[in-house]
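Hi there,

Here is the structure I promised to pass on. Have a look at it first, and then read on for my notes on what turned up.

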Amino acid sequence: MEINLGKLAFDVDFHPSDNLVATGLINGDLYLYRYSPDSVPVRQLEVHAHTESCRAARFINGGRVLLTGSPDCSILATDVETGSTITRIDNAHEAAVNRLINLTESTVASGDDEGCIKVWDTRERSCCNSFDAHEDYISDMTFASDAMKLLTTSGDGTLSVCNLRRNTVQTRSEFSEDELLSVVLMKNGRKVVCGSQTGIILLYSWGCFKDCSDRFTDLSSNSIDAMLKLDEDRIITGSENGIINLVGILPNRVIQPIAEHSEYPVECLAFSHDRKFLGSIGHDQMLKLWDLDSILQDTKNTQTNETGAIDSDDEEMELDNDPSKLSRGNKRKNANNGQAPGGGNNFFAEL
């Protein structure tokens with residue numbers, strides 16, 4: 001299934017229990033679609049959420065609310081049923097809001113362009129934690145619920161671990177000389193996998209975050225802007241060449257390309273609530289919903305590549321010095337770089 005959004009999309013998220021998918025667009029609009037395997041997707045809502053681009057969109061509160069963030073430094077909560085504004089905070093961050101993530105049933109986190117992360121408690125209706133974790137934009141976040149730790153990657157080339165119990169930045173990796181754009185937890189929490197601007201995948205062992213333990217180079221030369229964990233041994237990656245790949249982790253190998261979004265970069269990937277569909281958005285202004293079983297069915301019969309894992313001490317990272325290839329963060333900043341003062345904390349006043 002394909003949906004022509006008509007504008008560049010920055011984020012996509014699926015409802016946690018219903019056949020609904022939301023996208024945030026460059027003009028500040030939020031679109032909500034209902035989809036079905038047997039019919040054309042139908043737009044349910046169109047909300048002009050922000051004065052600047054809508055960079056982040058997430059369903060919260062069991063799917064009753066859509067949360068969005070923007071370079072206008074605001075975070076907006078929208079009622080999914082009616083499209084009406086529940087509440088807005090105009091000064092949620094002092095810099096552009098770039099990422100949103102669900103943590104628990106009552107907490108979410110937001111990350112901005114200056115490396116600040118805030119955790120919001122929906123019960124207390126306020127910002128409960130703030131971490132100055134990075135020196136550049138927050139590119140991605142993932143949550144280790146058992147350890148209550150938030151792992152974040154950044155355009156400054158580092159991986160940070162925020163301890164939510166102690167309210168501290170527990171550790172930060174060494175600079176990788178490359179922007180880190182995506183992060184997932186693998187191997188039952190024992191490995192942290194990061195995608196980079198040059199297409200190299202970095203693997204960190206849990207508890208040993210200072211330096212990566214492995215680097216996988218078979219996707220190099222194309223940035224890995226998006227990653228999803230399929231299972232404990234495989235990830236799905238979206239790259240700037242428009243290709244969506246199935247990649248094995250330990251042993252490290254490109255299993256096979258499973259889809260081609262377009263010739264333009266893949267911006268974001270997401271699974272539907274029942275994992276029947278893989279959603280992808282790219283710079284072609286299209287939202288595509290792939291039948292996941294269909295695109296994965298031939299993987300067992302495909303010749304796999306030899307492992308590309310190398311020891312982190314044996315080879316320096318390959319750097320792409322082509323100035324015509326902008327980083328994911330710079331693409332977003334160049335597209336819409338609105339700024340606003342302040343840093344208010346009373347976001348969930350009406351949730």
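**The loop before β27**

R275 has its place in the loop between β26 (266-271) and β27. Please keep in mind throughout that this is a predicted model. The phi of R275 is near 60°, a positive value in a residue other than glycine. With a relative accessibility of 36%, R275 counts as partly exposed, since the partly exposed class covers what lies between buried (under 20%) and exposed (over 50%). Its side chain is worth a look too: the charged end of R275 sits over the ring of F271, 4.2 Å from the ring's centre.

**From β27 to β28 and β1**

Just after that loop comes strand β27, residues 277-282. β27 runs antiparallel to β28, and five bridges join the two. Within this pairing, S280 stands opposite K288 of β28. The two strands form a hairpin with three residues between them, and there Q285 takes a positive phi near 70°.

What does β28 pair with besides β27? Strand β1 (residues 2-4) pairs with β28 in the antiparallel sense, over three bridges. K288 comes up again here, as the bridge partner of E2. So K288 of β28 has S280 opposite it and is also the bridge partner of E2. How many of the six residues of β28 (residues 286-291) are buried? Five of them are, so the strand is largely enclosed by the rest of the structure.

**The sheet β2 to β5**

Next, have a look at the open sheet of four strands, which has the order β2-β3-β4-β5 and antiparallel pairing. The edges are taken by β2 (9-14) and β5 (39-48); each has a single partner strand, so one side of each is left without a neighbour in the sheet. From one strand to the next, the twist averages 20°. As background, strands of a sheet pair through backbone hydrogen bonds, either parallel or antiparallel.

Inside this sheet, β3 (residues 20-25) and β4 (residues 29-36) pair in the antiparallel sense over five bridges. One pair to find on screen is A22, whose bridge partner in β4 is L32. There is also a charge over a ring to look at: R43 lies over the face of Y31, at 3.9 Å from the ring centre.

**Aromatic pairs**

How many aromatic pairs does the structure hold? There are four. One of them is formed by Y35 and F277, an edge-to-face pair with 5.5 Å from centre to centre and 80° between the planes. Y35 lies in β4 and F277 in β27, so this pair ties together parts that are 242 residues apart in sequence. Are these two residues buried or exposed? Both Y35 and F277 are buried. Ring pairs also bring in F14, linking F14, Y35 and F277 into a cluster.

Another pair involves W206 and F209. Their ring centres are 5.2 Å apart and their planes stand at 80°, so this pair is edge-to-face as well, given that planes over 60 degrees apart count as such. W206 is partly exposed, with a relative accessible area of 29%, whereas F209 is buried, with 4%.

**β19 and the loop leading to it**

The loop between β18 (180-186) and β19 holds N188. N188 has a phi near 55°, a positive value in a residue other than glycine. Its relative accessible area is 59%, so N188 is exposed.

S196, by contrast, is at 0% relative accessibility and counts as buried. The place of S196 is in strand β19 (residues 191-196). What does S196 touch, leaving aside its neighbours within four places in sequence? S196 is in contact with D178, E179, L180, L181, S223 and I224.

**A cis peptide bond**

One last spot to click on is the peptide bond that joins L250 and P251, which is cis, with omega about 10°. P251 is found in the loop between β24 (243-248) and β25 (253-260).

Happy to go through any of this with you at the screen.

Best wishes

How values were computed: Residues numbered from 1 in each chain as written. Heavy atoms only, no water. Pairing = 2+ DSSP bridges. Axes fitted to C-alpha atoms, helices over the stretch in contact; angles between N-to-C directions. Buried < 20%, exposed > 50% of the residue type's maximum accessible area, 1.4 Å probe, protein only. Phe/Tyr/Trp six-rings, centres within 6.5 Å; stacked < 30°, edge-to-face > 60°. Lys NZ or Arg CZ within 6 Å of the ring centre and 35° of its normal. Contact = heavy atoms within 4.5 Å.
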